[in-house]
Amino acid sequence: MLKQMEGSRAVAEAVALCRPEVICAYPISPQTHIVEALGEMVKDGSLAPCEFINVESEFAAMSVAVGASAAGARSYTATASQGLLYMAEAVFNASGLGLPIVMTVANRAIGAPINIWNDHSDALAMRDAGWIQLFAENNQEALDLHIQAFRLGEELSLPVMVCMDGFILTHAFERVDMPTQAQVDAYLPCYEPRQVLDPGEPVSIGAMVGPEAFMEVRYLAHARQMEALKLIPAYAAEFKAVFGRDSGGLCHSYRTEDAETIVVAMGSVLGTIKDVIDEMREAGHKIGVLGITLFRPFPVEGVRAGLLGAKRVVVLEKSMAVGLGGILSTNVRMALSGLHMHGYTVIAGLGGRAITRKSLLGLFLKAEKDELDHVTFLDLDWVMVNKQLEREKAHRRSGPVAENLLRDVGVVAARNY
Amino acid sequence: MSFQPIKFYQTGTFTVGNRLLPPEQRSVQASGKRFNSINSGHRACQGCGEALGARYAIDAAMEATDGRLVAANATGCLEVFSTPYPETSWQIPWIHSLFGNAAAVATGIAAALKVKGQAQTRVVAQGGDGGTTDIGFGCLSGMFERNDDVLYICYDNGGYMNTGVQRSSATPPAARTATTPAVGAAPGNVFGQGKFVPAIALAHDIPYVATATVADLRDLEAKVRRAMEIRGARYIHILVPCPLGWGTQSNETIKMARLAKETGIFPVFEAEHGEIKAVLPIRHQLPVEEYLKPQKRYAHLFGKQPQVEVIARLQALADRNIKRYGLLGQG
């Protein structure tokens, strides 16, 4: 059924259709609307049977989900940014124990300086935590990916993180096609755990493992992730059969036929990129984009196939590997090993910095002429940066960087960032 | 063999043979049908108070729930000595997740059981004093204030024994640990620090809080049994001497626990909804020296120049407990 609604509401309704049994919630922007909506559904009885638990921290949220999942309940939580880092120990633990928890990450920057706006630093900091990581391009996809996430995670006994851009998606009102309960029930079978805490058949979960078997346990986690590369396309096809639309999958090419320049990106920025590419294609430029939906496991073969014919690749990412350059681009480079092509890393949109069509157009035109630096920071204010560098050169006690820059900028709200 | 009532004389201690008691008062451990929830063959040290306490507590909980029990365990000695790969001592469904989240994991298990209509299966969380009073304290307090249906058992041996005897917030003043060494002007752990989590549990107004020691195992069993009759958040804090960390002989564990109770160092009580309902009174009050002297962690107090002032401060702490909890039966 077509509805106009906020992204968070759409995700909450989709999660409810998946019949979660335990939901734990701790507030952090920008995911709060999702758990607020779910909490209301549990409280008014429309989502039942389900336990909604207001916990005291994100660390507890994931720990409660670990316990609930190990006892055989379908478990869900949502977080972002500092919250994801605060629960990090339990994030690794959930995947290590093989518990198919589904978690929404409303992607947000990580401090300091504290910043509530969107980038991908949070989820990508957890890229090696053993979770399957899916990135939604729009609210319809965010909704659909949650339904697929429960199916995928429970089949593989692995937790799944569905990432959606904070505010840009979570707080945007868009038209979505909300499935019916019957459709979701037809697609998503009941959760049959591989291991469960049951007095009838007692097991010890989470025993200590030394050097004699630890490598094997870790290898099996890797092997299970790699299985997702086969399962995800199959589940996406099945999803299309039940729900009548394409959603999910590994990665998606857009106008890459005969493209000499291919942009690679994840999340909501793909929409803006596609608009710019349409514009450039009309002007005769041979440019396309490869959107990555699945970040972990990384679809190495799919990405390689998608980029094979290009002369150059521009990876535009809302994250940064400090001291190296890009995170996504490092992963893309792995997919391109042995191939000779120009590769550019573009760090963009950190902490909610708007990525405009104008900036992208300028960037892509420069890339086509191979005039880009290998690591480029899109729309970086060099005046501000240089002023601070001079200040640091002049005074040992130059003061806190963030405060200095804010003073230089003046009234932030008046500026169009 | 049928039960025959036998008259007996008390000897001035609680050492009453099981066969002299009516069946309902007999120790769970005295039964041939005991659950052996923690089976033999684990790797605990000889004389481990925690292994003893856990065995009695969990078997009593198993009896009270007719074998329908799930346990969540914090990282620590109990976890490490009971589950060395590929073996496990646990005969019950058991999960270890992390050091600081046993209470939250237990909350999740209880929620799952409730939603699945299996609320007759009960949940126990357990950890040492480090996993309870320090790193797990946030999750513990959260579980308490939500009144989640979990019995949390803390096995308090006064330090991080698993990592080599470091100070925790349950380490008593003056005690020597690897991070409060017996050197300098004020050797051992600092006075005026630390916390007594049973009192903090009381402040949460949860349905049931109790303390116990491994010197009074029947009392421990009775408290676990009582706790399992109640729904909601429950807390039992058990003093479990550690021969390694305390520097005592492995055959002195029960004696040390008894001395802690008889000196007033460790108050043994039972409370419901924030109000103390009963204490286990001191039977033969002893000065704290009796408790301190056998322990190497206090050896620096009894050298050539006994630290009379420090011992007096420890006596004052015991006296305060005696007064605060009415341990001489003066109520």
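The following dialogue reads selected features of a predicted model with chains A and B.

Me: Where should one begin with the contact between the two chains, and how many residues of chain B are in contact with chain A?

Reply: One begins with the two sides of the contact. In this model, 37 residues of chain B are in contact with 37 residues of chain A. On the chain B side, β1 (69–73), β2 (94–96), α3 (102–115) and α5 (137–145) each supply at least two residues.

Me: Which element gives the largest share of that side of chain B, and how do its residues divide into nonpolar, polar and charged?

Reply: The largest share, eleven residues, comes from α3(B). The side of chain B that touches chain A divides into 21 nonpolar, 13 polar and three charged residues.

Me: Which strands of chain A and chain B pair with each other, and in which sense, parallel or antiparallel?

Reply: Strand β9 of chain A, residues 204–205, pairs with β2(B) in the parallel sense, over two bridges. Within this pairing, A:Ile205 stands opposite B:Ile95.

Me: How does one read the buried face of a helix, for instance that of α11(B)?

Reply: The general idea rests on periodicity: an α-helix has 3.6 residues a turn, so residues three or four places apart point the same way. The case here is α11(B), which spans residues 308–325. Its 18 residues reach 26 Å from first C-alpha to last, close to the 26 Å expected. B:Leu314, B:Ala318 and B:Ile322 are buried in this helix. Seen down the axis, the buried residues fall within an arc of 90°, and therefore they line one face of α11(B). They pack against α9 (253–263) and α10 (288–292) of chain B.

Me: Which residues does the face of α11(B) turned away from the buried side carry, and what follows the helix?

Reply: That face carries the exposed residues B:Glu309, B:Ala312, B:Ala316, B:Arg320 and B:Lys323. The helix is followed by B:Gly326, whose phi is positive, near 60°.

Me: What does the same reading give for α7(B), and which of its residues are buried?

Reply: Helix α7(B), residues 217–228, has twelve residues and reaches 17 Å, close to the 16 Å expected. Its buried residues are B:Leu217, B:Leu220, B:Glu221, B:Lys223, B:Val224, B:Ala227 and B:Met228. They cover an arc of only 160° around the axis, which puts them on the same side of α7(B). Among the elements of chain B that they pack against are α1 (49–64), β3 (122–128) and β7.

Me: How does strand β7(B) pair with β8(B), in the parallel or the antiparallel sense?

Reply: Strands β7(B), residues 269–272, and β8(B) pair in the antiparallel sense over four bridges. The bridge partner of B:Phe269 is B:Val279 in β8(B). Two residues lie between the strands of this hairpin, in which B:His273 takes a positive phi near 50°. Of the five residues of β8(B), 275–279, the number buried is zero, so this strand lies largely in the open.

Me: Turning to a loop residue, is A:Leu47 buried or exposed?

Reply: The test is a count of neighbours, with 20 or more other C-beta atoms within 10 Å marking a buried residue. A:Leu47 lies in the loop between α2 (32–43) and β3 (51–54) of chain A. A:Leu47 is buried, because 23 other C-beta atoms lie within 10 Å. Leaving aside neighbours within four places in sequence, A:Leu47 is in contact with A:Ala16, A:Leu38, A:Met41 and A:Val42.

Key
Residues numbered from 1 in each chain as written. Chains lettered and ligands numbered in written order. Predicted model: local features only at pLDDT ≥ 70, side-chain atom pairs only at ≥ 80, totals over all residues. Contact = placed C-beta atoms within 7 Å. Nonpolar A, V, L, I, M, F, W, Y, C, P; charged D, E, K, R; others polar. Pairing = 2+ DSSP bridges. Expected span 1.5 Å × (residues − 1). Buried ≥ 20, exposed ≤ 12 C-beta atoms within 10 Å, placed from the backbone. Arc of directions from axis to C-beta.
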